[in-house]
Amino acid sequence: MGGQILLVSGPSGSGKSTLLSRLLADFAEETYFSISSTTRAIREGEKEGVNYYYVSEKEFKKGIDEGQFLEWACVHNNYYGTPIAPALAALEEGKIAIFDIDVQGFHLARKKFANFITSVFLTAPSREELRARLQKRGTDSAEVIENRLFNAAVEMEHLKEYDYVIVNDDLERAYESLRGIFVSMKSRAAFSNLNALAANWNIKI
């Protein structure tokens, strides 16, 4: 496989969707965004095959049994998983496959593709800032928000396991950090066409 994986984790409300949408727009030809499957209900403004593949719990569990997911988890009583086939196809094409998955999924993906993954944890600067963002979004009940905050704190305990941590206290600054990581991935020697470069220089490496 000639491609790589950019794996991004972080709590709901950290700005992942906004930042990744911008990155994908800037590097559309070089990337593949892994669309997850989920059993949760579709939200207003979301689209099938764009935000998620929305499936029944029965269908999702069938996919688990058949090994169709790179990783999967049950979060807030809903199942989420990353279909493996399209991601593998993108890697074969030499693209950078971008995964937006939680810490549990990160651990599973790292076991399978450790040599291909560059990992980023994206977070709000504080618990209270994250709470304010979730409340402003207006899509979750107070109970769900508290549950999200608890889970965010648990995930934050795994920060040191990631290659990079981005604190999204300024959207432009956070994007430049993410963009810089992406650009550096494209220059990694292990995935660059070094044989062609060596031929241009008439050397052996």
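Select helix H1 (16–26) to begin: in this predicted model, H1 gives the most to the lining of the largest pocket, contributing six residues. Keep H1 on display and add strand E5 (69–75), strand E6 (78–83), helix H4 (103–113), helix H5 (127–137) and helix H6 (142–156), since each of these elements, like H1, supplies at least two residues of that lining. The pocket holds about 1,500 Å³ of space, and to find its middle you can select Ser-12, Lys-16, Ser-17, Tyr-52 and Asp-100, which are the closest to the centre among the 49 residues of the lining. If you colour the lining by residue class, it divides into 16 nonpolar, 21 polar and 12 charged residues.

Next, stay with H1 and turn to the enclosed space. How many cavities of 30 Å³ or more does the model contain? The count comes to one, with a volume of about 40 Å³. To outline the cavity, select Val-8, Lys-16, Leu-19, Leu-20, Val-120, Leu-122, Ile-166, Ala-174 and Leu-178, which line it. H1 again gives the most, here with three residues, while H1, strand E8 and helix H7 (171–186) each supply at least two. The make-up of this lining is eight nonpolar residues, no polar ones and one charged residue. Lys-16 is worth leaving labelled, as it is listed both among the residues lining the cavity and among those closest to the centre of the largest pocket.

From the cavity, move to strand E8 (residues 117–123), where seven of the seven residues are buried. Which residues of E8 lie on each of its two covered faces? Ile-117, Ser-119, Phe-121 and Thr-123 are on one side, and Thr-118, Val-120 and Leu-122 are on the other. The split follows a general pattern, in that side chains in a regular strand alternate between the two faces of the sheet. Now show the partners of E8: strand E1 pairs with it in the parallel sense over five bridges, with Leu-7 standing opposite Ser-119, and strand E9 (residues 164–167) runs parallel to E8 and is joined to it by four bridges, with Val-120 opposite Tyr-164.

Follow E1 (4–9) onward to strand E7 (96–100), to which E1 is joined by five bridges in a parallel arrangement. In this pairing Val-8 has Asp-100 of E7 as its bridge partner; Val-8 also lines the cavity, and Asp-100 is one of the residues closest to the centre of the largest pocket. E7 is mostly covered, with four of its five residues buried, and it also pairs with strand E2 in the parallel sense over three bridges, where Tyr-32 stands opposite Ala-97.

Now select helix H3 (residues 84–92) and pick out Ala-87, Ala-90 and Leu-91, which are buried. Why do these three fall on the same side of H3? They cover an arc of only 100° around the axis, which puts them on the same side. In general, an α-helix has 3.6 residues a turn, so residues three or four places apart point the same way. The elements covering the buried residues of H3 include E1, strand E2 (31–33), E6, E7 and H4, whereas the face turned away from the buried side carries the exposed residues Ala-85 and Glu-92. Just after H3, inspect the backbone at Gly-94, which takes a positive phi of about 85°.

For the second largest pocket, with about 160 Å³ of space, start from helix H2 (residues 57–65), the source of the largest share of the lining at four residues. The full lining to select is Ser-37, Tyr-53, Val-55, Glu-59, Phe-60, Lys-62, Gly-63, Glu-66, Gln-68, Phe-69 and Pro-83, which divides into five nonpolar, three polar and three charged residues.

Finish at Lys-47, in the loop between strand E3 (37–38) and strand E4 (53–54). Is Lys-47 buried or exposed? Its relative accessible area is 55%, so Lys-47 counts as exposed, the cut-off for that class being over 50%. Leaving aside neighbours within four places in sequence, Lys-47 is in contact with Ile-42, Tyr-52 and Tyr-54. A distance label between the C-alpha atoms of Lys-47 and Phe-99, which are 52 residues apart along the chain, will read 18 Å.

Technical notes:
Residues are numbered from 1 along each chain as its sequence is written. This is a predicted model: local features need pLDDT of at least 70, side-chain atom pairs count only at pLDDT 80 or more; totals for chains, interfaces and linings use all residues. Side-chain values use heavy atoms; hydrogens and water are left out. Buried means under 20% relative accessible area, exposed over 50%, partly exposed in between (1.4 Å probe, protein chains only). The arc is that of the directions from the helix axis to the C-beta atoms. Contact means heavy atoms within 4.5 Å. On a 1 Å grid over the protein atoms alone, a cavity is a set of points where a 1.4 Å probe fits but cannot get out, and a pocket is an open set with protein on both sides within 12 Å along at least five of seven lines; lining residues have an atom within 4 Å of a point. Grid points are joined across faces, edges and corners, and a volume is the space filled by probe spheres set on the points. Ala, Val, Leu, Ile, Met, Phe, Trp, Tyr, Cys and Pro count as nonpolar, Asp, Glu, Lys and Arg as charged, and the others, Gly among them, as polar. Two strands pair if DSSP finds at least two bridges between them.
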